[in-house]
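The following exercises ask the student to read a structure step by step. Each task is followed by a worked solution.

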Amino acid sequence: MASLFYDLLTFFGISTTAPQSLGELFPWLLSILVALTLFLFVFGMIKDFVHAFGRGKF
């Protein structure tokens, strides 16, 4: 699970090393939050399309 998380961070261009100060922590956590939100949004859209096509709505 950790390697999947690190691969996701690398894909979005986020450093995999933890920040050294509090000033670096907030932007780092915000970028991780945005990356996970985009990741989950894309898979949610894929799920919705799969369900719609499975029901024959298109």
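**Exercise 1.** Determine whether F12 is buried, partly exposed or exposed in this predicted model.

*Solution.* The relative accessibility of F12 is 32%. A residue is buried under 20% and exposed over 50%, with partly exposed in between. F12 therefore counts as partly exposed.

**Exercise 2.** Classify the aromatic pair that F12 forms with F11, and state how exposed F11 is.

*Solution.* A pair of aromatic rings is described by the distance of the centres and the angle of the planes. For F11 and F12, the centres are 5.2 Å apart and the planes make an angle of 85 degrees. Ring centres must lie within 6.5 Å to pair, and an angle over 60 degrees counts as edge-to-face. The pair of F11 and F12 is accordingly edge-to-face. The count for the structure comes to three aromatic pairs. As for F11, its relative accessible area is 67%, so this residue is exposed.

**Exercise 3.** Describe the surroundings of A35: which helix holds this residue, is the residue buried or exposed, and which residues does it touch beyond four places in sequence?

*Solution.* A35 is located in helix α2. With a relative accessible area of 5%, A35 falls under the 20% limit and is therefore buried. I32 and A52 are also buried in α2. Part of the cover over the buried residues of α2 comes from α1. Leaving aside residues up to four places away in sequence, A35 touches F12 and I14.

**Exercise 4.** Compare separation along the chain with separation in space for A35 and L22, and then for A35 and G13.

*Solution.* A35 and L22 are 13 residues apart in sequence, and their C-alpha atoms are 20 Å apart. G13 and A35 are 22 residues apart along the chain, with 9.6 Å between their C-alpha atoms. To place G13, note that it belongs to the loop between α1 (2-11) and α2 (22-55). The relative accessibility of G13 is 66%, so G13 counts as exposed.

**Exercise 5.** Check the length of α2 against the span expected for its 34 residues.

*Solution.* At 1.5 Å a residue, α2 should span 50 Å. The distance between its end C-alpha atoms is 49 Å, which agrees with that expectation. Just after α2, G56 has a positive phi of about 75 degrees.

**Exercise 6.** Identify the partner of D48 in a salt bridge and state how exposed each of the two residues is.

*Solution.* The structure holds one salt bridge. The partner of D48 is K47, and their closest N and O atoms are 3.5 Å apart. This distance satisfies the requirement of being within 4 Å. D48 has a relative accessibility of 43% and so counts as partly exposed. K47, at 45%, is likewise partly exposed.

**Exercise 7.** Decide how the overall form of the protein relates to that of a compact globule.

*Solution.* The secondary structure consists of two helices and zero strands. The radius of gyration is 16 Å, whereas the globule rule gives 10 Å for 58 residues; the protein is therefore more spread out than a compact globule. Along the principal axes, its C-alpha trace spans about 55 × 20 × 15 Å. Turning to the surface, 10% of the 58 residues count as buried. The protein exposes about 4900 Å², of which carbon and sulfur atoms supply 74%.

Conventions. Residues are numbered from 1 along each chain as its sequence is written. This is a predicted model: local features need pLDDT of at least 70, side-chain atom pairs count only at pLDDT 80 or more; totals for chains, interfaces and linings use all residues. Side-chain values use heavy atoms; hydrogens and water are left out. Helices (H or I, at least four residues) and strands (E, at least two) are DSSP runs, numbered from the N terminus. The radius of gyration is taken over C-alpha atoms; the globule rule is 2.2 Å times the number of residues to the power 0.38. Buried means under 20% relative accessible area, exposed over 50%, partly exposed in between (1.4 Å probe, protein chains only). Accessible areas come from the Shrake-Rupley method with a 1.4 Å probe; for residues, only the protein chains shown count as cover. The expected span of a helix is 1.5 Å times one less than its number of residues. Contact means heavy atoms within 4.5 Å. Rings of Phe, Tyr and Trp (its six-membered ring) pair if their centres lie within 6.5 Å; planes under 30 degrees apart count as stacked, over 60 as edge-to-face and the rest as tilted. A salt bridge is a side-chain nitrogen of Lys or Arg within 4 Å of a carboxyl oxygen of Asp or Glu.
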